[in-house]
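Grab a pencil and open the viewer. Below are some exercises on a two-chain complex, each with a worked solution.

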Amino acid sequence: MDLFNGAVGTNQVHDFNPGIRDNSHLFWTQPIAGDAVTFNLEQGNATLAADDLDEEDYHNLHNALLDGPSDPASVTFDMRWAAIADPMNVTDPVHRFTGRFRLASVQIEWSADAPGFHFVSDPASTTNNVRSVIGRERNGVFFED
Amino acid sequence: MDLNRSHHGHTHFWMRPVTRRSFIGSAALAGGAAATAGAWLPQLARADIDGVATVFPEPIPSGVAPFGIPIHHFPPVPVLGPSPINEPSQITDFNGMVGVCRVTGAGTATDEATGGTSRLNFQVDNGFMDGLYVGEDGQTHHGTFAFI
């Protein structure tokens with residue numbers, strides 16, 4: 001979750017994520033409670049909500065990718081996916097994933113806290129959706145199922 | 001992949017005591033994750049479905065390399081092909097529900113030392129994975145994960 005003092009992509013000042021796992025290099029992924037997610041592909045909606053989730057503030061993308069120095073931080077967010085297209089079956093033999101997916105639009109309202117810093121987003125209705133997807137996916141050992 | 005990177009002078013969230021973390025629960029799970037997951041793998045204990053996973057998954061085997069740094073992740077855009085979407089999941093050996101997004105917007109930042117405020121722009125690439133996965137222990141689990 002990135003903040004910029006200027007246009008998106010320029011003069012980044014905060015980069016909140018959970019870090020890259022040391023041994024496996026699992027990327028910016030952390031366990032959450034099962035009831036943080038709701039999902040209904042046929043109805044075309046999903047939600048993800050978390051409150052006061054522990055993160056690191058790496059301040060910029062390059063430092064985050066290098067897993068460089070960071071400050072403890074937390075984020076709270078409530079986000080909603082709403083499908084904008086019909087379901088499509090996708091099988092990608094190159095990257096070995098398959099499933100049924102829908103392009104979607106997302107609205108988010110979120111906040112972040114870091115030492116001496118607090119951020120709160122504008123209302124969810126002001127979100128600009130670039131590209132979002134929901135779906136059911138199989139990959140790895142489940143790819144051939 | 002460069003497998004020798006290490007973190008510098010900080011502890012990741014999974015190495016710290018859980019002091020701040022709590023979650024907003026949703027009462028609107030009808031037809032959602034919990035019920036569906038139970039049908040997939042009925043032998044799993046209910047606590048394994050509703051609780052927080054304690055075994056980490058493995059990352060997807062490939063990804064992009066921003067700044068020449070390889071990562072196990074595909075952003076939602078640009079679409080790299082051959083399929084019409086990039087892989088949404090961050091975890092491999094996975095069978096479940098996924099969501100991913102790229103959104104932008106704006107908000108207000110407060111400097112808590114001075115009380116001064118300023119306007120900042122944001123980009124958020126968040127997502128979730130909820131379902132079966134083979135964990136670092138080689139066993140199959142059910143878990144829910146956020147991509148932040």
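**Exercise 1.** Work out how many residues of chain A and of chain B are in contact, and what the chain A side is made of.

*Solution.* Start with the count: 86 residues of chain A are in contact with 89 residues of chain B, where contact means C-beta atoms, placed from the backbone, within 7 Å. Next, find the main contributor on chain A: strand E10 (residues 128-139) gives the most to the side touching chain B, with 12 residues. Helices (H or I, at least four residues) and strands (E, at least two) are DSSP runs here, numbered from the N terminus. Finally, sort that chain A side by class: 43 residues are nonpolar, 27 polar and 16 charged. For this tally, Ala, Val, Leu, Ile, Met, Phe, Trp, Tyr, Cys and Pro are nonpolar, Asp, Glu, Lys and Arg charged, and the others, Gly among them, polar.

A word on the ground rules: this is a predicted model, in which local features need pLDDT of at least 70 and side-chain atom pairs count only at pLDDT 80 or more, while totals for chains, interfaces and linings use all residues. Residues are numbered from 1 along each chain as its sequence is written, and chains are lettered from A and ligands numbered from 1 in the order in which they are written.

**Exercise 2.** Which strand of chain B is joined by bridges to E10(A), and in what direction do the two run?

*Solution.* Follow E10(A) across to chain B: 10 bridges join it to strand E1 (residues 94-111), and the two run antiparallel. DSSP has to find at least two bridges before strands count as paired. To fix the register, note that Val133(A) stands opposite Val100(B).

**Exercise 3.** Place Asn128(A) and decide whether it is buried, partly exposed or exposed.

*Solution.* Asn128(A) sits in strand E10 of chain A. Count around it: it's partly exposed, because 16 other C-beta atoms lie within 10 Å; 20 or more would make a residue buried, 12 or fewer exposed, with C-beta atoms placed from the backbone. Leaving out residues up to four places away in sequence, Asn128(A) touches Val103(B), Thr104(B) and Gly105(B). Within chain A, its C-alpha atom is 8.7 Å from that of Ser105(A), 23 residues apart along the chain.

**Exercise 4.** Find the residues that touch the most other members of the largest nonpolar core.

*Solution.* A nonpolar core is a set of buried Ala, Val, Leu, Ile, Met, Phe, Trp, Tyr and Cys residues joined through C-beta atoms within 7 Å. The largest one has 64 residues, and those touching the most other members are Met1(A), Leu48(A), Val75(A), Ala112(A), Ile134(A), Phe128(B) and Ala146(B). Strand E8 (residues 97-114) of chain A gives the most to this core, with 9 residues. Now zoom in on Ile134(A): beyond four places in sequence, its contacts include Trp81(A), Phe101(A), Val98(B) and Gly99(B).

**Exercise 5.** What are the make-up and the buried share of chain A, and of chain B?

*Solution.* Chain A has 1 helix and 10 strands, with buried residues making up 54% of its 145 residues. Chain B has 2 helices and 4 strands, in the order α-α-β-β-β-β, and 36% of its 148 residues are buried.

**Exercise 6.** Where in chain B does pLDDT stay under 50?

*Solution.* Chain B averages a pLDDT (the predictor's confidence in each residue, from 0 to 100) of 78, and 66% of the residues score at least 70. Residues 1-9 are below 50, and residues 17-47 stay under 50 too. Where pLDDT is low, the predicted coordinates shouldn't be read in detail. For the complex, the predictor gives an ipTM of 0.98 and a pTM of 0.86.

Terms used: Two residues are in contact if their C-beta atoms, placed from the backbone, lie within 7 Å.
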